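Biologist: I am new to this structure and would like a close look at one part of it, namely the side chains that pair up or might be expected to. Please take the aromatic rings to begin with and then the cysteines, and explain your reasoning as you go.

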Amino acid sequence: VGEELVYRMKWGFVPIGKSRIKSSWVVENGRHILHIRYRARTNSVFNRIYPMNDEAEVFIDPGSFRPMRFVFKKARRKTLCDETISFDYERGMATVVSRCDKKERSFPLGRDSTDIVTFMYGMRRQPIQAGLSVSNRIMSTEGPLSLRLEVTEGEDVKLPVFGRVPCVKVVPELDLKSMLVEKGQLTLWVSKDKRCVATRLTVKAPLANVHTTLCHIHGPGEDSWKDAMKTNRNEADCSVGGDVDKEL
């Protein structure tokens with residue numbers, strides 16, 4: 001907890017913005033809750049073509065590692081749209097409240113159902129090795145979806161600060177529309193070490209693919225990642241625009 005991952009985004013070879021994922025503790029009703037927040041923003045140049053200002057945050061019960069609440073917000077030019085999923089495992093029900101279409105919907109919730117962010121972070125608690133196949137139910141803002149992950153042997157991913165990082169390749173089969181990316185084929189590379197950090201994410205898109213590549217790691221802990229940040233850090237590696245600190 002306290003880890004902050006910063007990524008730069010490119011459309012083909014063109015820099016388009018920045019994204020960040022950060023975990024922290026928050027207090028709600030006297031309880032310490034795990035909070036994970038994802039932000040993605042395009043830079044001033046790409047805003048003229050396709051502006052993106054997205055945020056996904058999840059509040060997780062640290063004991064069961066189940067989500068309590070998932071909030072997804074997206075801003076397109078001057079329009080702000082947000083949707084919230086509330087998880088009630090005792091009743092076996094998930095409620096989606098949308099300010100986009102001003103509707104409230106309820107869906108059956110399985111004991112193992114979760115949201116996409118909690119699921120992906122939960123995967124990091126185990127070794128992610130080639131040959132691993134995982135299936136689960138993901139609750140999205142559109143209702144429950146089936147997710148399947150296939151892990152195969154990958155290749156080294158070259159990163160500006162961290163050098164060549166041995167990775168496995170993770171291919172999820174899931175329609176991610178209305179969640180973190182638009183519908184399309186997605187491939188993820190994950191480091192083979194204990195941190196199991198996503199080093200690169202590629203989404204097939206019209207004309208050119210969108211690549212999201214790790215450029216900085218901040219937060220607690222001492223390992224080779226933090227050592228590289230101390231010796232090789234260069235702010236220019238993440239300076240592609242897109243202010244992920246600014247609130248929606």
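Modeller: Rings of Phe, Tyr and Trp, the last taken by its six-membered ring, are called a pair if their centres lie within 6.5 Å, and such a pair is stacked when the planes are under 30 degrees apart. Please keep in mind that this is a predicted model. With that meaning of a pair, a search of the whole structure finds two aromatic pairs. In the pair formed by Phe 87 and Tyr 89, the ring centres are 6.2 Å apart and the planes meet at 15°, so the two rings count as stacked. Phe 87 is buried, with a relative accessible area of 10%, and Tyr 89 is buried as well, at 15% relative accessibility. The ring of Tyr 89 has a further partner, since the charged end of Arg 66 sits over that ring, 4.4 Å from its centre. An arrangement of this kind is also found at Phe 59, where the charged end of Arg 69 sits over the ring at 4.0 Å from the ring centre.

Turning now to the cysteines, the structure holds one disulfide. In general terms, a disulfide is a covalent bond between the sulfur atoms of two cysteines. Here the bond joins Cys 215 to Cys 238, with a distance of 2.0 Å from S to S, and the link is right-handed, with 110° about the S-S bond. Because Cys 215 lies in strand β16, which covers residues 210-218, while Cys 238 belongs to the segment after α2 (224-232), the bond ties together parts that are 23 residues apart in sequence. Both ends of the link are shielded: Cys 215 has 0% relative accessibility and so counts as buried, and Cys 238, with a relative accessible area of 4%, is buried too.

Cys 167 and Cys 196 need a separate account. The cysteine sulfur closest to that of Cys 167 belongs to Cys 196 and is 10 Å away, which is too far for a bond, because a disulfide requires the two sulfur atoms to be within 2.5 Å. Cys 167 is buried, with a relative accessible area of 1%. Cys 196, for its part, is in no disulfide, and its nearest cysteine sulfur is that of Cys 167, 10 Å away. Cys 196 also counts as buried, because its relative accessibility is 7% and the limit for that word is under 20%.

How values were computed: Residues are numbered from 1 along each chain as its sequence is written. This is a predicted model: local features need pLDDT of at least 70, side-chain atom pairs count only at pLDDT 80 or more; totals for chains, interfaces and linings use all residues. Side-chain values use heavy atoms; hydrogens and water are left out. Helices (H or I, at least four residues) and strands (E, at least two) are DSSP runs, numbered from the N terminus. Buried means under 20% relative accessible area, exposed over 50%, partly exposed in between (1.4 Å probe, protein chains only). Rings of Phe, Tyr and Trp (its six-membered ring) pair if their centres lie within 6.5 Å; planes under 30 degrees apart count as stacked, over 60 as edge-to-face and the rest as tilted. A charge sits over a ring if NZ of Lys or CZ of Arg is within 6 Å of the ring centre and within 35 degrees of the ring normal.
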